[in-house]
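Welcome to a short guided tour. Open the model in your viewer, keep the selection panel at hand, and follow the stops below.

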2 protein chains.
Amino acid sequence: MAFAETFKALADPARREILTLLKVGRMSAGEIGSHFDMTGATISYHLKILKNAELIYEEKEKNFIYYSLNTSVVEDMLLWLSDLRGDQDEKN
Amino acid sequence: MAFAETFKALADPARREILTLLKVGRMSAGEIGSHFDMTGATISYHLKILKNAELIYEEKEKNFIYYSLNTSVVEDMLLWLSDLRGDQDEKN
DNA sequence: AATCTAATTAGATATTTGTCTAAATTATAG
DNA sequence: CTATAATTTAGACAAATATCTAATTAGATT
């Protein structure tokens, strides 16, 4: 179970920012990197962690790699937190 | 804004376990510790991180310190994730 | 085939994190 | 007011994390 990995992936601000960027739609690694003051290698490192946590997936196309958000794992986080928060709002 | 702190607090499995224990009700530091194979000092360290993240709060009573879950910050996490997940289920 | 481009991998390193033992704190109970 | 109990704080340290530069891989274009 990769649940622990997912929480750890979410713990870094750069990675959360990447996920926010991907809300709009898929983006190449380079495009993602251009939003940060970090080397491509570092971006690549963060993308790998997000990928391992199954928070994003990649599609290779030409010589670009496009990344997209995988909301189904976000769904699992929501359930865990919702359960933690308790029953005061059972509609989730 | 302690939002980043909260995600980091949630990243550790022992800390998530502590939160789960507190779902049932408040518990003293020692009682919490008895559920783990760690020294009291280490439990204290984790409690401090959860407290700084405002995921729990403490009440001193006699010579015990009782910890309880603070669900309002959990609520903030839920909102962030819900927004990330997108609009396919707007009821939250 | 040679070269250029996008991205990743490898290796190094400083910082952060989780853990321990030992000491200090704080309140209760004799 | 001293001894005990619950917890935290301090200091040390190994492991994990985030970052960089340099090298490598995989495709695309000429």
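**DNA strand C**

Select DNA strand C together with its surroundings: 23 residues lie around the strand, and those that come nearest are A:Gly30, A:Tyr67, B:Lys8, B:Thr42 and B:His46. Of the atoms of DNA strand C within 4 Å of the protein, 80% belong to sugar and phosphate. Bear in mind on every stop that this is a predicted model.

Now show the side chains of chain B here. An N or O atom in the side chain of B:Lys8 is 2.6 Å from a phosphate oxygen of DNA strand C. For B:Arg15, a polar side-chain atom lies 3.0 Å from a phosphate oxygen of this strand. B:His46 also places a polar side-chain atom by a phosphate oxygen of DNA strand C, at 2.5 Å.

Which elements give two or more residues to the surface near DNA strand C? Colour helix H3 (29-33), H4 and strand S3 (64-69) of chain A, then add H4 of chain B. H4(B) gives the most, with five residues. If you colour this surface by class, you should find nine nonpolar, nine polar and five charged residues.

**DNA strand D**

Move to DNA strand D, which is surrounded by 23 residues, the closest being A:Lys8, A:Thr42, A:His46, B:Gly30 and B:Tyr67. Sugar and phosphate make up 79% of the atoms of DNA strand D that come within 4 Å of the protein.

Three selections in chain A are worth making here:

- A:Asp12: a polar side-chain atom lies 3.3 Å from a phosphate oxygen of DNA strand D.
- A:Thr39: a polar backbone atom is 3.0 Å from a phosphate oxygen of DNA strand D.
- A:Tyr45: an N or O atom in the side chain is 2.8 Å from a phosphate oxygen of DNA strand D.

For the surface as a whole, highlight H4 of chain A and, in chain B, helix H3 (29-33), helix H4 (40-52) and S3; each supplies at least two residues. H4(A) has the largest share of the surface near DNA strand D, five residues. By class, this surface holds nine nonpolar, nine polar and five charged residues.

**The sheet of chain A**

Hide the DNA for a moment and select the strands of chain A. Three of them form an open sheet in the order S1-S3-S2, with antiparallel pairing. Why is one side of S1 and of S2 left without a neighbour in the sheet? Strand S1 (27-28) and strand S2 (56-61) of chain A stand at the edges, and each has a single partner strand, so nothing in the sheet pairs on the other side. Zoom in on S1(A) and S3(A), which run antiparallel and are paired over two bridges. A:Met27 stands opposite A:Tyr67 in S3(A), and A:Tyr67 is one of the residues that come nearest to DNA strand C.

**The strands of chain B**

Next, select strand S1 (residues 27-28) and strand S3 (residues 64-69) of chain B, an antiparallel pair joined by two bridges. Here B:Met27 has B:Tyr67 in S3(B) as its bridge partner. B:Tyr67 is among the closest residues to DNA strand D.

Add strand S2 (residues 56-61) of chain B, which pairs with S3(B) in the antiparallel sense over six bridges. To follow the register, pick B:Ile56 opposite B:Leu69 and B:Tyr57 opposite B:Ser68. As you compare these positions, remember that in a regular strand the side chains alternate between the two faces of the sheet. S2(B) and S3(B) form a hairpin with two residues between them, and in the turn B:Lys62 has a positive phi of about 50°.

**Helix H1 of chain A**

Select helix H1 (residues 3-10) of chain A and show A:Phe3, A:Thr6, A:Phe7, A:Ala9 and A:Leu10, which are buried. These residues lie on the same side of H1(A) because they cover an arc of only 160° around the axis. The buried residues pack against helices H2 (13-24), H4 (40-52) and H5 (71-85) of chain A, and also against helices H1 (3-10), H2 (13-24) and H5 (71-85) of chain B.

**Last stop: B:Val74**

Finally, pick B:Val74 in helix H5 of chain B. Is B:Val74 buried or exposed? Its relative accessibility is 0%, so B:Val74 counts as buried. Leaving aside residues up to four places away in sequence, B:Val74 touches A:Leu81, A:Leu84, A:Arg85 and B:Leu55. B:Leu55 is 19 residues from B:Val74 in sequence, while the C-alpha atoms of the two are 7.1 Å apart in space.

How values were computed:
Residues are numbered from 1 along each chain as its sequence is written. Chains are lettered from A and ligands numbered from 1 in the order in which they are written. This is a predicted model: local features need pLDDT of at least 70, side-chain atom pairs count only at pLDDT 80 or more; totals for chains, interfaces and linings use all residues. Side-chain values use heavy atoms; hydrogens and water are left out. Two strands pair if DSSP finds at least two bridges between them. Helices (H or I, at least four residues) and strands (E, at least two) are DSSP runs, numbered from the N terminus. Buried means under 20% relative accessible area, exposed over 50%, partly exposed in between (1.4 Å probe, protein chains only). The arc is that of the directions from the helix axis to the C-beta atoms. Contact means heavy atoms within 4.5 Å. A residue is near a molecule or strand if one of its heavy atoms lies within 4 Å of it. A polar contact is a pair of N or O atoms within 3.5 Å; within protein, one must be able to donate a hydrogen and the other to accept it, and residues adjacent in sequence count only if both atoms are side-chain atoms. Ala, Val, Leu, Ile, Met, Phe, Trp, Tyr, Cys and Pro count as nonpolar, Asp, Glu, Lys and Arg as charged, and the others, Gly among them, as polar.
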